[in-house]
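Open the model in your viewer and keep the selection panel at hand. The stops below go from the ligand outward to the surface.

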Amino acid sequence: MKPVTLITGASAGIGAELVRIFAQHGHELVLVARREDRLVALADEIAAAGPPRPTVLAFDLEKRDTVARIATELAAHGLEPEIVVNNAGFGLAGAAGGLDRDAQLGMIDLNIRALTELSLCFVDSLARHRGGILNVASVAAYLPGPGMAVYYASKAYVLSFSEALHREMSHRGVRVTALCPGPVPTEFQARSGMRVDRSQLILTLTADRVAQIGYDGFMRGKRVVVAGLGNRIAVALLRLTPHALLLPMIERHMRDPRGSS
Ligand SMILES: NC(=O)c1ccc[n+]([C@@H]2O[C@H](COP(=O)([O-])OP(=O)(O)OC[C@H]3O[C@@H](n4cnc5c(N)ncnc54)[C@H](OP(=O)(O)O)[C@@H]3O)[C@@H](O)[C@H]2O)c1
């Protein structure tokens, strides 16, 4: 079986940039997301630059049977994961009690259930190839998020789960890294219904920069990679601030981000 790097959420944003970086470093790729046309265009771009053409799997990871179907497809192509990059995810802005409940449960299915299943499903092949798992969490993992409660909680799960796996899997030679970006301008903001927050410009990094930082940290075997100095300082401050102080500040900020448009 040929070892591959499987990247979810490869059709846009941080995921598409991770695809470009992994391809530049010689990894043979499998791209997963729902929009097949985007994946095919990216696979064509990679192949035109020289590396082998990535395999495209257009699947909806919110569906319960998708990871099993991915495993079947990989086996049918003679492929097995050496690295799994769980990047697909989305958020929804608004009070949890007022947002659509099914959409929020779908977010849990993608951000948590699919990520967990993909992290556990291929452990034997990851260990055989001494590969690993790169899970995309967020700076949001470090605090509760009134105004985006389910999303923040889902990222807290990703961080906690990935740190524990880092420890559990190290004795099998499998590296596990949680990548925590701060704000990154992608399709994420429009899908989540967030307003543009100019006060966070100082923390903002481009998707290609975040992907490069994530790749470098993962290859060095880091447990957690917070992207960018500003976000590392923010995380350090967040850890020192009592939640009783933080919660009303976050809630106010979500409702009325300074300089929003
Ligand atoms: N942007 C930020 O400010 C930011 C900050 C911190 C963390 N993050 C995290 O970074 C990751 C990537 O986000 P991004 O900013 O790059 O967002 P993005 O531009 O919206 O890209 C999200 C990717 O996930 C895929 N996806 C969404 N729903 C899916 C589903 N049901 N099944 C399969 N694939 C699905 C999308 O592809 P399809 O629509 O084609 O399926 C797309 O490729 C997410 O986990 C996000 O939580 C983002």
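A polar contact here is a pair of N or O atoms within 3.5 Å; within protein, one must be able to donate a hydrogen and the other to accept it, and residues adjacent in sequence count only if both atoms are side-chain atoms. The model is predicted, with local features needing pLDDT of at least 70 and side-chain atom pairs pLDDT 80 or more, while totals for chains, interfaces and linings use all residues. Residues are numbered from 1 along each chain as its sequence is written, and side-chain values use heavy atoms, with hydrogens and water left out.

**Stop 1: the ligand.** Select Arg34: an N or O atom in its side chain is 2.7 Å from an oxygen atom of the ligand. The protein covers 96% of the 870 Å² of accessible area (Shrake-Rupley method, 1.4 Å probe; for residues, only the protein chains shown count as cover) that the ligand has on its own. Next select Ser11, where a side-chain N or O atom lies 2.8 Å from a ligand oxygen. At Ala12, a polar backbone atom is 3.4 Å from an oxygen atom of the ligand.

**Stop 2: the shell.** Now select the 31 residues that surround the ligand, each with a heavy atom within 4 Å of it. The closest are Ser11, Arg34, Asp60, Tyr151 and Thr186. Coloured by class, the shell divides into 15 nonpolar, 9 polar and 7 charged residues. Nonpolar covers Ala, Val, Leu, Ile, Met, Phe, Trp, Tyr, Cys and Pro, charged covers Asp, Glu, Lys and Arg, and polar covers the others, Gly among them. Which element gives the most to the shell? H7 does, with 3 residues; helices are DSSP runs of H or I with at least four residues, strands are E runs of at least two, and both are numbered from the N terminus.

**Stop 3: a surface patch.** Select Leu229, Ile233, Leu237 and Leu240, a nonpolar patch with about 440 Å² of accessible area together. Patch residues have over 30% relative accessible area and no salt bridge (a side-chain nitrogen of Lys or Arg within 4 Å of a carboxyl oxygen of Asp or Glu). Like charges are joined within 9 Å, and nonpolar side chains (Val, Leu, Ile, Met, Phe, Trp, Tyr) within 5 Å. Leu240 belongs to helix H9, residues 229-240.

**Stop 4: a loop.** Go to Arg130, in the loop between helix H5 (123-128) and strand E5 (132-136). Arg130 has a positive phi of about 50 degrees although it is not a glycine.
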